[in-house]
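Visitor: I am new to this structure and should like a close look at a single part of it. Would you please guide me through the open sheet and its edges?

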Amino acid sequence: MFIIFDTLNQLMNSPLKITLLGTGTSLGVPIIGCDCQVCQSNDPRDNRLRSSALIEWNGKVFLVDAGPDFRQQMLRTSVRNIDAILLTHEHKDHVSGLDDIRALNFLHKKAIDIYSEKRVQDSIRKDFAYVFSVIQYPGIPQMNLHQISPGKIFIGGLEITAIRAMHYKLPILGFRFGDFTYISDTNYIAKEEMEKIYGTRILVINALRWEAHLSHHSIPEAIKLIQEIKPEKAYLTHLSHQAGKYEDLIKELPAGIEPGYDGLVLNL
Ligand SMILES: [Zn+2]
Ligand SMILES: [Zn+2]
Ligand SMILES: [Zn+2]
């Protein structure tokens with residue numbers, strides 16, 4: 001019994017490595033056809049692919065969201081396998097790259113486990129109907145859909161907490177892995193769900209731009225929320241070109257809060 005407990009404890013204490021694969025809003029940055037100074041910036045931190053995060057723990061690899069830049073993002077990492085993909089919600093900037101899991105299917109000759117809420121599963125079944133059709137075309141993506149809901153889930157030995165957040169009227173999920181919490185596409189988190197986030201040491205949270213928005217936190221709203229949660233460090237993600245250039249934005253944020261950028265690695 002004690003041996004099992006010790007092993008579990010050791011596992012839970014295995015370090016987490018988080019890589020922000022994408023930190024941009026749905027259009028990405030730069031935006032096609034935009035001449036603004038952010039879109040024209042030479043700073044690589046102003047080039048933002050669609051939001052996604054890779055979490056590595058104890059030899060296991062978890063991906064949060066697989067948007068249209070999934071292929072390019074995977075090519076930028078040295079990762080050659082994904083144990084689980086967790087989806088925050090069904091908007092295309094978070095799921096449309098799922099067809100590209102085929103490369104991993106071919107490499108490992110197995111399906112990929114995908115975790116999401118029921119509504120998101122329904123949307124995937126519709127968007128990727130060819131994957132679920134009775135007559136299967138050769139070479140299509142192989143995915144196992146697993147239904148989850150807010151609360152604790154266990155995947156590959158890791159305890160993950162799914163957190164309910166609101167994206168205007170759409171309920172979405174954020175995820176907590178140990179002392180790391182990742183919440184994209186939200187502008188409201190209820191009090192009881194905030195309880196699941198308290199104690200987080202590193203928080204990555206959605207902030208779109210300085211001005212208010214219907215379905216995303218503005219930067220001032222995100223700052224207010226971060227100051228309530230009090231993590232050691234917070235990073236903003238899902239940023240629009242309207243958030244300004246990285247080098248300007250970082251100077252305008254309070255201590256302990258920074259803009260995320262693609263390729264940023266966080267260790268816990
Ligand atoms: Zn989004
Ligand atoms: Zn622009
Ligand atoms: Zn969204």
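Guide: The following account treats the sheet, its edges and its surroundings in turn. This is a predicted model, in which local features need pLDDT of at least 70, side-chain atom pairs count only at pLDDT 80 or more, and totals for chains, interfaces and linings use all residues. Residues are numbered from 1 along each chain as its sequence is written, while chains are lettered from A and ligands numbered from 1 in the order in which they are written.

The open sheet has seven strands (DSSP runs of E, at least two residues, numbered from the N terminus) in the order S7-S8-S9-S10-S11-S12-S13, and the pairing is mixed; two strands pair if DSSP finds at least two bridges between them. Strand S7 (151-155) and strand S13 (257-259) each have a single partner strand, so one side of each lacks a neighbour in the sheet. On average, neighbouring strands of this sheet are turned by 25° against each other, direction ignored.

At one edge, S7 pairs with strand S8 (residues 158-167) in the antiparallel sense over five bridges, and Phe154 stands opposite Glu159 in S8. S7 and S8 form a hairpin with two residues between them, and Gly156 in the turn has a positive phi of about 55°. S7 is hardly covered, for the count of buried residues among its five residues is zero (buried: 20 or more other C-beta atoms, placed from the backbone, within 10 Å of the residue's own).

At the other edge, strand S12 (residues 233-237) pairs with S13 in the parallel sense over three bridges, with Ala234 opposite Ile257 in S13.

Key:
Helix = DSSP H or I, 4+ residues; strand = E, 2+ residues; numbered from the N terminus. Axes fitted to C-alpha atoms, helices over the stretch in contact; angles between N-to-C directions. Buried ≥ 20, exposed ≤ 12 C-beta atoms within 10 Å, placed from the backbone.
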